[in-house]
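Student: Could we go through this structure together, so that I learn how each descriptive word is justified?

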Amino acid sequence: MGTGPMKILTIHSSGRHTGSTTRKLAAAFVAAVTQRSTGVQETVRDLTDGIPFVDEAWMAANFTAPEERDAAKNAALSFSDALVEELEAADVIVIGVPIYNFAVPALLKAWVDQVARAKRTFMYTPEGPRGLLKGKTAVLVVASGGTELDSAIDFATPYMRHALAFLGIDDVHVIAADRQMADAEAAAARANTALTRVAEALADQHASGSGSGVRRAQLNEAVA
């Protein structure tokens, strides 16, 4: 992050608009960061507005060199291009991750498929894959009814950490309201405490002009 406004990309994937925990916490987190920062610019991508799944036309276009794509191939990738440009422009990515049947919503998996672009957001090298979206921080806002965060049955949180790291975003932090059906009050308290501390750490990081990861220890303590 530089000295200009902090650019936040918020991604919603919950099928619920009313009563959604991830939507509520994501909005509260952005408000908390905004309150503590000199300038924030937020872009919101609500995946329930529509997102295409990867299909044969997309694959054909993606595996064609950019200079060789015709109008039809460019059109097939136009939605993906828009999503990638949002990621490239963001300093902080806030992603709502409701856990549906132990995993991420289909809409969020579709988003990952759309932004994982060889030679655009990652590349293969002799040493293995290398993410190209460096210098960014991601905050996963996770909610579940009965699945415990990072337990053996949580296939959502580890997947999102891995997918983001694959793209080069390895400064990933979690605000979780998990197991709400077991103890909603305790889940909310944990989430709100983590939310405040992560917001304060990011605001301090932005004020100092430091890049992502500089205050990793403080952020990790915030979500422990």
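Tutor: What follows takes a few descriptive words in turn and sets each against its value, bearing in mind that this is a predicted model.

Student: Why are H4 and H5 called roughly perpendicular to each other?

Tutor: Two packed helices are described by the angle between their axes and the distance between the axes. Here the axes of helix H4, residues 78-89, and helix H5, residues 106-115, come within 8 Å and cross at roughly 85°. Angles from 65 to 115 degrees count as roughly perpendicular, and H4 and H5 are therefore described in that way.

Student: Which residues of H4 and H5 meet, and how do they divide into nonpolar, polar and charged?

Tutor: From H4 come Ser80, Leu83, Val84 and Leu87, and they meet Trp111, Gln114 and Val115 of H5. The residues of this contact divide into 5 nonpolar and 2 polar, with no charged ones.

Student: What makes Arg117 count as buried or exposed?

Tutor: Arg117 lies in the loop between H5 and strand E4, and its relative accessibility is 3%. Buried means under 20%, so Arg117 counts as buried. Leaving aside its neighbours within four places in sequence, Arg117 is in contact with several residues, among them Trp58, Asn62, Asp81 and Phe122.

Student: How do you know that the side chain of Arg117 makes a polar contact with the side chain of Ser80?

Tutor: The value for the contact between these two side chains is 2.7 Å, and a polar contact requires a pair of N or O atoms within 3.5 Å, one able to donate a hydrogen and the other to accept it. Ser80 also belongs to the residues of H4 that meet H5.

Student: What makes E4 and E5 a pair of strands?

Tutor: Pairing requires at least two bridges, and 4 bridges join E4 to strand E5, residues 128-131, with the two strands running antiparallel. One of the bridge partnerships is that of Phe122 with Gly131 in E5, and E4 and E5 form a hairpin with 2 residues between them.

Student: Why is Lys119 called exposed but Phe102 partly exposed?

Tutor: Exposed means over 50% and partly exposed lies between 20% and that value. Lys119, in the loop between H5 and E4, has 78% relative accessibility and therefore counts as exposed, whereas Phe102, in the loop between strand E3 and H5, has 41% and is therefore partly exposed.

Student: What is the phi of each of these two residues?

Tutor: Most residues other than glycine have a negative phi. Phe102, however, has a positive phi of about 80°, and Lys119 has a positive phi of about 70°, although neither Phe102 nor Lys119 is a glycine.

Definitions and conventions: Residues are numbered from 1 along each chain as its sequence is written. Side-chain values use heavy atoms; hydrogens and water are left out. Axes are lines fitted to C-alpha atoms, for helices over the stretch in contact, and angles run from 0 to 180 degrees between N-to-C directions. Angles under 35 degrees count as roughly parallel, over 145 as roughly antiparallel, 65 to 115 as roughly perpendicular and the rest as oblique. Contact means heavy atoms within 4.5 Å. Ala, Val, Leu, Ile, Met, Phe, Trp, Tyr, Cys and Pro count as nonpolar, Asp, Glu, Lys and Arg as charged, and the others, Gly among them, as polar. Buried means under 20% relative accessible area, exposed over 50%, partly exposed in between (1.4 Å probe, protein chains only).
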